[in-house]
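Hi,

Here is the structure I promised to send over. Have a look at it first, and then read on for what turned up.

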Amino acid sequence: MGFAQATLRSLAILEPGLIMPELLERAYGGLEVVNETHRTTAVLNMLSGLSQPLTSEKVWLGGQKHIVPLLELCIPGLDLFGVNFP
């Protein structure tokens, strides 16, 4: 985990009400534009670092409703990274 990713994770754990809505807004925007591969990669890396604050009810109660929509937005990006399904 890089320094930026660790910093975002720490901020999300300390003040999830301030940090998570802004990060999720950027995540949705970044995953909706699939033709910008660098942005998709950055958002997926950010979300991997924020998985614990996003899924834990003890950290942030509102995050669980975003898991399925975010995963659905990740599906078109799988082809960009050379993942082939039979």
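Which residues of α3 are buried? Before the answer, one caveat: this is a predicted model. The buried ones in α3 are T40, V43, M46, L47 and G49. The helix itself has 13 residues and spans 19 Å from its first C-alpha to its last, close to the expected 18 Å. As for what sits over those buried residues, the cover includes α1, α2, α4 and α5.

Of these neighbours, let's take α2 next. The axes of α2 and α3 come within 9 Å and cross at roughly 140°, and the crossing is left-handed. On the α2 side the contact is made by L23, R26, A27, G29, G30 and L31. Facing them from α3 are R39, T40, V43, L44, M46 and L47. So if you scroll through that contact, you'll meet T40, V43, M46 and L47 again, which are among the buried residues of α3.

Now for α5, which covers residues 67-78. Its twelve residues reach 17 Å from the first C-alpha to the last, close to the 16 Å expected at 1.5 Å a residue. L70, C74 and G77 are buried in this helix. Looking down the axis of α5, you'd see the buried residues fall within an arc of 45°, so they line one face of the helix. That fits the usual helix pattern: with 3.6 residues a turn, residues three or four places apart point the same way. On the other side of α5, V68, E72 and I75 are exposed. The buried residues of α5 pack against α2 (16-32), α3 (37-49) and α4 (51-55).

That brings us to the core. The largest nonpolar core has 15 residues, and L47 and L70 have the most contacts inside it. The elements giving two or more residues to this core are α2, α3 and α5, with the largest share, six residues, coming from α2. If you want one residue to click on, try L70: leaving out residues up to four places away in sequence, L70 touches L24, A27, Y28, L31, L47 and L54.

One last spot to look at is S10, in helix α1 (residues 3-14). Is S10 buried, exposed or partly exposed? With a relative accessible area of 39%, S10 counts as partly exposed, because that value lies between the 20% limit for buried and the 50% limit for exposed. The C-alpha atoms of S10 and L50 are 9.1 Å apart, although 40 residues separate the two along the chain.

Cheers

Conventions: Residues numbered from 1 in each chain as written. Predicted model: local features only at pLDDT ≥ 70, side-chain atom pairs only at ≥ 80, totals over all residues. Heavy atoms only, no water. Helix = DSSP H or I, 4+ residues; strand = E, 2+ residues; numbered from the N terminus. Expected span 1.5 Å × (residues − 1). Buried < 20%, exposed > 50% of the residue type's maximum accessible area, 1.4 Å probe, protein only. Arc of directions from axis to C-beta. Contact = heavy atoms within 4.5 Å. Core = buried A, V, L, I, M, F, W, Y, C linked by side-chain atoms within 4.5 Å. Axes fitted to C-alpha atoms, helices over the stretch in contact; angles between N-to-C directions. Left-handed = near helix turned anticlockwise from the far one by under 90°.
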